Amino acid sequence: MNRTTLSLTAAATALAAVTGFAAVSAPDSADTTATSKTPARLPVERSSLLCPAPSTSELAETVYTSFTPVGTDGAGTGGTAELAPSAAPLDDATAADDEKKDDKDEEKDEEKTGDTAEDDSAKKPVADGADAKAKPFMALKEPGKPVSGTKNVSDAPALVGTATGRLAPGWTTQQTTTVTGGDGRGLLGMSCTAPDTDFWFPGASTDKARQDYVHLTNPDDTAAVADVALYGKEGTLKSDTGEGIPVPARSSVPVLLSTLTGEAEPNVTVHVSTRTGRVGAVVNAADEKLGGDWLAASADPAPRVVLPGIPADATSVRLVVFAPGEDDAELKVRLAGESGTIVPATAAETLNVKSGMTASLDLGDVTKGEAGSVLLGPAEGAGETPVVAALRVVRGKGINQEVAFIPATGPVTERATAADNRAKGSTLSLAAPDGTGKVKVTASAGSGGGEQVVKTYTVKGGTTQAVTPPVPQGLKGSYALTVEPESGGPVHAARTLALTQDGVPMFTVQTLPDDRGMVSVPATKEDLSVLE
């Protein structure tokens, strides 16, 4: 047996390479002496985010909102947080002239509306390769105050971003696109993702009525290679083209799922994994009747999962579950509403999920006018089998229907944030699956002005509390909502953003997983040892 020593700095660097989040400094000697055996909680010093190309529709308008919460102990001073096109503008005299013009335009825009920006970089010539210098599209200046920017072009590129220093812990960016017509019409929202090596997407489709793309975005200066596997109700869908998909350096590749297989399935689980490198992955789902939205990755497989944030007026809810391990799952399906937890009539019996197969359950208008969350766990006497899950949620009726997706999400353990909230149209859902939990919700200053507001909520165990969140005093522009646990049991959170357009109840739901702005680092001056 060989023993290899790994220094604290090396361990942190390795963790950063895998997650895109954790680059930290060692604790000072005073702290290590006092707590030599207790891991220290330290803020990350570097965070990465990836935003896919928003839409190819000529009717699309996309708003980006970037934000870092205030008050992270030990975050220090200084730092940057910038998002730039994955396809970089040419570094020549023309680009330089354009940059000067853009800087002047941005200064004028900021004088009028605060920290906002209009971008037309997608229209400029672009250079292949990672060596071209990209002009940042949007830069965050300070914690606690969001900045926003818009793109109104159909060929807007994916964005790649990095935050450092005091702007890194909890950095988040919301991408919200309004498409007023066509198959993909709707309000498409997502929290830009961190790069990783493994993603699960239950709730996708290869059906003829759907056009689902998985977007793979590579933030690094070397190429990545990804595999995309599809699973239907009978197991793996045959595919000759889903393996070894190259994703060039600092580039984004959209893959139409229906081109990977000849089998049309209404309920599909997508598994994205990388052979080399890292990617950000998210699914864009467009239904010819129900519009479209982004489907974010499910939380890691677990025996018990929570899917928070079903709107009170949902007219149709479909649950999609997948068991990635070797064992089948026997699940009990419950709904946590405002007054308590029930077993829906459509889920009176247990849901059987065969290993490697996608299972679905239509719950209908399960909320019955009361906002809720779906709770999944082992049926009585069943084993603890890990699963991934997502909900397809529909609002409206007839030709005025709109779809959104809610993936399973973990509890807020330290802090979580949803950016791009407006004066009207935001709903915050808080679910406490076990005991009663108390959380603090901070509404940040607005992107164009206003003062933050703080409010606390107590959520009874086994219930979901859907609230109109606090709005900053004197709000101008958009703002961010940050949720932090204060006491009691775990709380899971989701934010719904709603907008009615020509009678269509457009909406999008973003879950609030913990922002991982803090990491545990062994508080010791000695080298760490790992066994091989």
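The exercises below concern strands and two backbone angles in a predicted model.

**Exercise 1. Strand β13 and its partners**

Task: Determine whether strand β13 is mostly covered or mostly open, and which strands it pairs with.

Solution:
- Step 1. Find β13 at residues 210-217.
- Step 2. Look at the burial of these residues: six of the eight are buried, so the strand is mostly covered. The cut-off for buried is under 20% relative accessible area.
- Step 3. Look for a partner at residues 280-287, which form β19. Eight bridges join β13 to β19, and the two strands run antiparallel. As a point of reference, R210 stands opposite D287 of β19.
- Step 4. Look for a partner at residues 252-256, which form β17. Here five bridges make the connection to β13, again with antiparallel strands. In this pairing H215 stands opposite P254 of β17.

**Exercise 2. A sheet of four strands**

Task: Give the strand order of the open sheet that contains β3, β9, β5 and β7, and state which strands lie at its edges.

Solution:
- Step 1. Read the order across the sheet: β3-β9-β5-β7, with antiparallel pairing.
- Step 2. Identify the edges, where a strand pairs on one side only: these are β3 (46-51) and β7 (138-140).
- Step 3. Consider how the strands are turned: ignoring direction, neighbours in this sheet make an average angle of 15 degrees with each other.
- Step 4. Examine one pairing in detail. Three bridges link β7 to β5 (residues 81-85) in the antiparallel sense. Within this pair, L83 has M138 of β7 opposite.
- Step 5. Recall the general background: strands of a sheet pair through backbone hydrogen bonds, either parallel or antiparallel.

**Exercise 3. Positive phi at R250**

Task: Locate R250 and decide whether this residue is buried, partly exposed or exposed.

Solution:
- Step 1. Take the angle: phi of R250 is near 45 degrees, a positive value in a residue other than glycine.
- Step 2. Place the residue in the chain: R250 belongs to the loop that runs between β16 (245-247) and β17.
- Step 3. Apply the cut-offs. The relative accessible area of R250 is 22%. Partly exposed covers the range between 20% and 50%, so R250 is partly exposed.

**Exercise 4. Positive phi at D420**

Task: Locate D420 and decide whether this residue is buried or exposed.

Solution:
- Step 1. Take the angle: D420 is not a glycine, yet its phi is positive, at about 60 degrees.
- Step 2. Place the residue: D420 is in strand β30, which spans residues 416-421.
- Step 3. Apply the cut-off: relative accessibility is 1% for D420, and therefore D420 counts as buried.

Definitions and conventions:
Residues are numbered from 1 along each chain as its sequence is written. This is a predicted model: local features need pLDDT of at least 70, side-chain atom pairs count only at pLDDT 80 or more; totals for chains, interfaces and linings use all residues. Side-chain values use heavy atoms; hydrogens and water are left out. Buried means under 20% relative accessible area, exposed over 50%, partly exposed in between (1.4 Å probe, protein chains only). Two strands pair if DSSP finds at least two bridges between them. Axes are lines fitted to C-alpha atoms, for helices over the stretch in contact, and angles run from 0 to 180 degrees between N-to-C directions.
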